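Reader: I am in my first year of study and would be grateful for a close look at one part of this protein. Please start from a single residue, explain each term as it arises, and then continue to the surroundings.

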Amino acid sequence: MTVSRILTLGETMGLLTGSRIGSLAHVSEAHVGIGGAETNVAVGLSRLGVPVTWIGRVGDDSLGRRVVREVRGEGVDVRAQLDPAAATGLMVKERTGPGTSRVYYYRAGSAGSRLAAADVPAGLVESVGLVHLTGITPLLSDSAREACLSVVRRARAAGVRVSVDVNYRSTLAPADVAAKVLGELVGEADLVFGSPEELAYGVPGGVADDSSAIDELARALDPTGAREIVVKRGADGASTYTGGTVVHAPGHRVDVVDTVGAGDAFVAGYLSGDVQGWSVEEKLARANACGAVMCTTPGDWEAAPTPAELEAFLGADVDPVQR
């Protein structure tokens, strides 16, 4: 079976992570890596055997070159503009406790925030099976927002499906601004991902009064029943609302090492099944497993599983030591 290519775009940054639990005011060593929601998803898809293209901008600097090398090394088709006028953005992760962290962003005016509609080549959107966006990119700048909307318009005109993970970042925009921008993007999507709180930002007219009333929220997001609204609930699993019905899949209990990137792994798992024509039940099962595996290892994308690793994770009576 030929699997359709997925296209995604957004900012990927350098990542510094404290080597141990504690404030960065005192931790003396850090690990250097990279991270970004869209490339986290892209790597996850690639490891699951789905062809994927990532479009972004990085600075003409050491971190930018690392981003391109690492993502391309994972089998992703990288279409990155090297921007000599701006630096690659930076994330700094502080480990606050077992399985918890605090992330600081240094991305104002970064190369990634200068993403523009012209960075997306003619014919590329029209040639893929699905476009995946997040709510992060359109909040980075006016040009990044226009790039996202341009891609969505092109996808719609070509009959290409659109996926949006709300992924709201409060540091990028206040709630009222985010609701307007994200609602615009979510309104064009065929698949929408988010926690109950995040999904409220996609409701027409702004943030819903009660994001815990998920049934009403899903109906507001999908009044025609033609879309898939995927609710991420962490360890409690996930649910998909579509066609007036709801499908729920339980989560997995694991020893959590790092939750960053788990939501992106979940999305990669779900989309990998979507482009292969899987049922909602099958897509949710894979997505939950991908998210759980990601939580067991440090890093934003490094633990993204392959099909064989998922099989081992889900298998019963598997020897924990591989020889």
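Author: A residue is called buried when its relative accessible area is under 20%, exposed when it is over 50%, and partly exposed in between, as judged with a 1.4 Å probe on protein chains only. Tyr105 has a relative accessible area of 27%, so this residue is partly exposed. The model is a predicted one, in which local features need pLDDT of at least 70 and side-chain atom pairs count only at pLDDT 80 or more, while totals for chains, interfaces and linings use all residues. Residues are numbered from 1 along each chain as its sequence is written, and side-chain values use heavy atoms, with hydrogens and water left out.

Tyr105 belongs to strand E7. Strands (E, at least two residues) and helices (H or I, at least four) are DSSP runs numbered from the N terminus. Contact here means heavy atoms within 4.5 Å. Apart from its neighbours within four places in sequence, Tyr105 is in contact with Met13, Leu90, Met91, Arg169 and Thr171. With Arg169 there is also a polar contact between the two side chains, at 3.4 Å. A polar contact is a pair of N or O atoms within 3.5 Å; within protein, one must be able to donate a hydrogen and the other to accept it, and residues adjacent in sequence count only if both atoms are side-chain atoms. As for Thr171, its C-alpha lies 8.5 Å from that of Tyr105, although 66 residues separate the two in sequence.

Strand E7 (100-106) leads to the largest pocket, since E7, helix H1 (37-47), helix H8 (262-274) and helix H9 (280-294) each supply at least two residues of its lining. On a 1 Å grid over the protein atoms alone, a pocket is an open set of points with protein on both sides within 12 Å along at least five of seven lines, whereas a cavity is a set where a 1.4 Å probe fits but cannot get out; lining residues have an atom within 4 Å of a point. Grid points are joined across faces, edges and corners, and a volume is the space filled by probe spheres set on them. The volume of the largest pocket is about 1000 Å³. Its lining has 45 residues, and those closest to the centre are Thr259, Val260, Gly261, Ala262 and Gly263. By class, 16 of the lining residues are nonpolar, 18 polar and 11 charged. Here Ala, Val, Leu, Ile, Met, Phe, Trp, Tyr, Cys and Pro count as nonpolar, Asp, Glu, Lys and Arg as charged, and the others, Gly among them, as polar.

Strand E7 also contributes to the second largest pocket, as do strands E2 (13-18), E3 (30-35) and E6 (90-97), each with at least two lining residues. This pocket holds about 260 Å³ of space. Of its 19 lining residues, Thr17, Arg95, Asp258, Pro298 and Gly299 lie nearest the centre. The classes are five nonpolar, 10 polar and four charged.

One of these central residues, Arg95, connects with the loop between E2 and E3, where Ile21 is found. The C-alpha atoms of Ile21 and Arg95 are separated by 4.7 Å, although the residues are 74 apart along the chain. Outside its own stretch of four places either way, Ile21 is in contact with Val27, Arg95, Thr96, Gly97 and Pro98. Ile21 is partly exposed because its relative accessibility is 38%.

A comparison with strand E9 (residues 161-165), which includes Ser163, is instructive. Ser163 counts as buried because its relative accessibility is 0%. Its side chain makes a polar contact of 2.8 Å with the side chain of His132. Beyond four places in sequence, Ser163 touches Leu130, Val131, His132, Leu133, Leu191, Phe193 and Leu271.

The loop between E9 and helix H5 (175-186) holds Asn167. Its phi is near 45°, a positive value in a residue other than glycine. Asn167 is buried because its relative accessibility is 8%.

Finally, how many disulfides does a search of the whole structure find? There are zero, where a disulfide requires a pair of cysteine sulfur atoms within 2.5 Å. Cys290 is in none, and the nearest cysteine sulfur, that of Cys295, is 11 Å away. Cys290 counts as buried, because its relative accessibility is 1%.
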